[in-house]
Amino acid sequence: MRIVSGIQPTGNLHLGNYLGAIRNWVAMQDALAEGDECLFFLADLHAISMPHDPATLRSGTLEMAAALVACGIDPDRSILFNQAQVPQHAELQWLLNGTARMGWLNRMTQWKDKAGKNREGQSVALFTYPVLQAADVLIYQATHVPVGEDQKQHLELARDIAQKFNNDFASEAAPVFTLPEPIIPAEAARIMSLRDGSAKMSKSDPSDMSRINLVDDADTMAQKIKKAKTDPEPLPENAAGLETRPEARNLVGIYAALSGQSVDAVLGQFAGQGFGAFKPALAELLVETLGPIRERFVALKQDREALDAILARGAAKARERGTPTLDAAYAALGLVRGH
Ligand code: TYM
């Protein structure tokens, strides 16, 4: 297994990132068999697809590295790095631009959502973003990519690009790229905003009350849960009773994911009770889970030198891992890569 995944180092790590992806990264790292490898990276090159402040990007990259280590990514067992230090990602993206199709990119829901009605005014990078994402995983021959539900479409595109490239430029016996499998958690694949059960929890939501951040202290987390949008009904007996209640479903889903139970098991415990009873229990569980991570994060993020060293070490290994595939892609296209 070659496990590869990334996160943008913009804004804080939030509960959606943690439950949808990072927790899985840690579990996969911890279950690694001999010969398997994990590569986790900060997608700082992706971050320039939207307007950004260079100094904030630089500090955000180090902070996100600290957050991942605090969550349990062990830089001695996983290769942890930032994209910008591994030029092979951008290089492979250019090669894959020859294979990706405008129509494929035009269908990406993230592109449609982020561009809105102003497509003409967006950066070219926002449009070609999924091609870089394909390069991120294909360069390492990734077999498994742990992500939240919102990245599924980008991963399908990566498979389409790999398949077309292999068909067009390689023999069946010796394909250049491996087709990666997305790994999406059964519970918590899509954590929703605390203010609107129809929008996903996101770093870019202007309201901080919409998300739980790893950096929030216990009181802030409790406040956010207390103020979270709900409905006046008591909790139902099973998951079917939550179908038309998106906010309630989200909170129960978060509780289930945090406690490692099914939604039905949680409802077995809370059925008939209102949110006055459920919310404090949820807040307590949240603080119990994220509190220790937050403490580690606060200590780690002070030591910028140590974080820089971790990323430099990871990048050196990643460059090594990426080179053979990149050379093979150049050769398949009739190009000789300079070294
Ligand atoms: P990003 O930075 O938006 O999110 C990082 C990870 O968190 C997951 N996630 C969520 N999961 C459940 N509920 C939510 N509300 C929620 N919000 C975010 C995302 O699915 C993701 O797994 N383009 C990617 C980063 C990336 C990448 C890659 C990922 C770049 N290259 C290659 C995998 C492979 C992104 O912006 O994720």
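## The shell around the ligand

Sorted by class, the residues lining the ligand in this predicted model comprise twelve nonpolar, eleven polar and four charged ones. In total, 27 residues surround the ligand. If you would like a quick place to start looking, the closest are Gln 8, Tyr 129, Asp 136, Asp 150 and Ile 191.

Which secondary-structure elements supply at least two residues of this shell each? They are strand 1 (2-7), helix 1 (15-30) and helix 6 (124-138).

## Polar contacts and cover

Three contacts to the ligand are worth bringing up on screen. The backbone takes part through Met 201, where an N or O atom lies 2.9 Å from a nitrogen atom of the ligand. Side chains take part too: a polar side-chain atom of Lys 203 is 3.0 Å from an oxygen atom of the ligand, and an N or O atom in the side chain of Gln 151 sits 3.3 Å from a ligand nitrogen atom.

How much of the ligand's own accessible area does the protein cover? On its own the ligand has 710 Å² of accessible area, and the protein covers 96% of that.

## An aromatic pair across the chain

Now to the aromatic rings, where the count comes to ten pairs. One of them joins Phe 81 and Tyr 140: the ring centres are 6.1 Å apart and the planes meet at 75°, and since an angle over 60 degrees counts as edge-to-face, the pair falls in that class.

This pair links distant parts of the chain, with the two positions 59 residues apart. Phe 81 belongs to strand 3 (residues 79-82), while Tyr 140 is in the loop between helix 6 and strand 4 (144-146). Are these two rings buried or exposed? Phe 81 has 0% relative accessibility and therefore counts as buried; Tyr 140 is buried as well, with a relative accessible area of 0%.

## An aromatic pair within helix 11

Phe 275 and Phe 278 make another edge-to-face pair, because their planes are at 85° and their ring centres are 6.3 Å apart. Here the partners belong to one helix: they are three residues apart in helix 11 (residues 275-301), so about one helical turn separates them. Both Phe 275 and Phe 278 are buried.

The two rings also have further aromatic company. Together with Tyr 255 and Phe 270, Phe 275 and Phe 278 form one aromatic cluster.

Note on methods. Residues are numbered from 1 along each chain as its sequence is written. This is a predicted model: local features need pLDDT of at least 70, side-chain atom pairs count only at pLDDT 80 or more; totals for chains, interfaces and linings use all residues. Side-chain values use heavy atoms; hydrogens and water are left out. A residue is near a molecule or strand if one of its heavy atoms lies within 4 Å of it. A polar contact is a pair of N or O atoms within 3.5 Å; within protein, one must be able to donate a hydrogen and the other to accept it, and residues adjacent in sequence count only if both atoms are side-chain atoms. Accessible areas come from the Shrake-Rupley method with a 1.4 Å probe; for residues, only the protein chains shown count as cover. Helices (H or I, at least four residues) and strands (E, at least two) are DSSP runs, numbered from the N terminus. Ala, Val, Leu, Ile, Met, Phe, Trp, Tyr, Cys and Pro count as nonpolar, Asp, Glu, Lys and Arg as charged, and the others, Gly among them, as polar. Rings of Phe, Tyr and Trp (its six-membered ring) pair if their centres lie within 6.5 Å; planes under 30 degrees apart count as stacked, over 60 as edge-to-face and the rest as tilted. Buried means under 20% relative accessible area, exposed over 50%, partly exposed in between (1.4 Å probe, protein chains only).
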